[in-house]
Every structure is written in structure tokens, then in C-alpha cells.
Amino acid sequence: MEKGDLDVAGKVVVVAIKATSKEVSKAALVWALTHVVQPGDHIKLLVVIPSHQSSKWMRGFSRLTSDCAIGHLRTPSGTFSDRKDDIVHSCSQMVHQLHGAYDPLKIKVRIKILSGLARGMVATEAKKAQSNWVILDK
């Protein structure tokens, strides 16, 4: 496992979500929390942004429309990295809102933004994390 990846005693559950131009759905994460994850497990939430439209996508991801979206970008003309940080922050807020569905002291959630839809990208991340489960949104 790479440095910085999950160091766990329980299962590792990778939840991969493809972001649309306006939202990131929390349905797959909620499903994982209610059907798979147990205390002591870790979730690695992968938010996949299509690379062929990443610049256009990032500009369109500018207002709160659903589960995980940016209310107001801190850096409207910032770099792609700045905007990825905004998405991580927003998705962290979404995870925080789900604390009624799980105990954050017993189940850890990490968020990673991936740019692109390369074949095998999610599988590669799941292998790096030594995951026991991979849950795909839609």
C-alpha cells in the first residue's frame, strides 16, 4: 500500500462516483453505509471528473444543485487544483451531513478526486487501497 493510503484493521470499501456537470450524488455512499460498512471499516470515496471536459466541467460546477456541489467557489478563476480542493471541501460537508447514518468515530471516510475516465482507473485505486469492496454509482 502506498504511503498516505488507508491503514486499516477493518475492511476497505471503495465507493466510486462519476460527477456530472452539476452534482455528485450521495446515493452510492449512503448504500455503502447502510448495506456494507461496519464499525472499524474505512471508505475511500472516489469522485471521478471526466477529463475530456474537466475545465468546462469545473466552470459548470458552481452552484448547489444536489448532494455534493459547490455553493460558492472560493476561487472562481482559480486553478484546477484549487477547484478540486473546493470539491473535496464540499464532499466533506456532504459526508458530515451523513453522520446520522454512521458513527464517524468508528467508520473513516477519505475523499479523492480523480480526473479522467481511463479504463481501469477505479480498479487501480481499489487495488492500491487493498479494498474488500468496490461500489460503483450508476
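1. A word before we start: two residues are in contact here when heavy atoms of theirs lie within 4.5 Å. With that in hand, look at D41, which touches G10, K11, V36, K106, I107 and K108 once its neighbours within four places in sequence are set aside. Please keep in mind throughout that this is a predicted model.

2. Where does D41 sit? You will find D41 in the loop between α1 and β2. Is D41 buried or exposed? Its relative accessibility is 4%, and buried means under 20%, so D41 counts as buried. The side chain of D41 also reaches the backbone nitrogen of K11, at 2.9 Å.

3. Now step back to the whole chain. The protein chain has four helices and four strands, and from the N terminus on these elements follow the order β-α-β-α-α-β-α-β. Of the contacts in the protein chain with a separation of 6 or more, 73% are between residues 24 or more positions apart.

4. The sheet is a good place to orient yourself. Its four strands form an open sheet, ordered β3-β2-β1-β4, and the pairing is parallel. At the edges are β3 (108-115) and β4 (133-136), each of which pairs on one side only. On average, neighbouring strands of this sheet are turned by 20° against each other, direction ignored.

5. For a closer look at one pair, take β1 and β4, which pair in the parallel sense over four bridges. Which residue of β4 is the bridge partner of V13? That partner is W133.

6. Two helices can be placed against the sheet. Helix α1 packs on the sheet and touches β1, β2 and β4, and its direction makes about 160° with that of β1. Helix α4 (residues 121-128) packs on the sheet as well, touching β1, β2, β3 and β4, and its direction makes about 155° with that of β2.

7. Next, the interior. In soluble globular proteins, nonpolar side chains tend to be buried together. In this model, the largest nonpolar core has 24 residues, and the members touching the most others are V13, V15, L29, I43 and L45. At least two residues of this core come from each of β1 (12-18), α1 (27-35), β2 (42-49) and α3 (80-97). Apart from this core lies another, of nine residues, including V48, L114, A126 and A129.

8. V15 is a handy residue to click on. Which residues does V15 touch, not counting those up to four places away in sequence? They are A28, L29, A32, I43, K44, L45, L46 and I135.

9. The overall figures for burial and surface are as follows. Buried residues make up 40% of the 138 residues in the protein chain. The accessible surface of the protein chain comes to about 7700 Å², and 52% of that belongs to carbon and sulfur atoms.

10. A9 is worth a visit too. A9 lies in the segment before β1. The relative accessible area of A9 is 85%, and exposed means over 50%, so A9 is exposed. In sequence, A9 and G40 are 31 residues apart, while in space they are 6.9 Å apart, C-alpha to C-alpha.

11. One last backbone detail: Q130 is found in the loop between α4 and β4. Although Q130 is not a glycine, its phi is positive, at about 50°.

Key
Residues numbered from 1 in each chain as written. Predicted model: local features only at pLDDT ≥ 70, side-chain atom pairs only at ≥ 80, totals over all residues. Heavy atoms only, no water. Core = buried A, V, L, I, M, F, W, Y, C linked by side-chain atoms within 4.5 Å. Buried < 20%, exposed > 50% of the residue type's maximum accessible area, 1.4 Å probe, protein only. Areas by Shrake-Rupley, 256 points an atom, 1.4 Å probe, with all protein chains shown as cover. Pairing = 2+ DSSP bridges. Axes fitted to C-alpha atoms, helices over the stretch in contact; angles between N-to-C directions. Polar contact = N/O pair within 3.5 Å; in protein donor to acceptor, adjacent residues only side chain to side chain.
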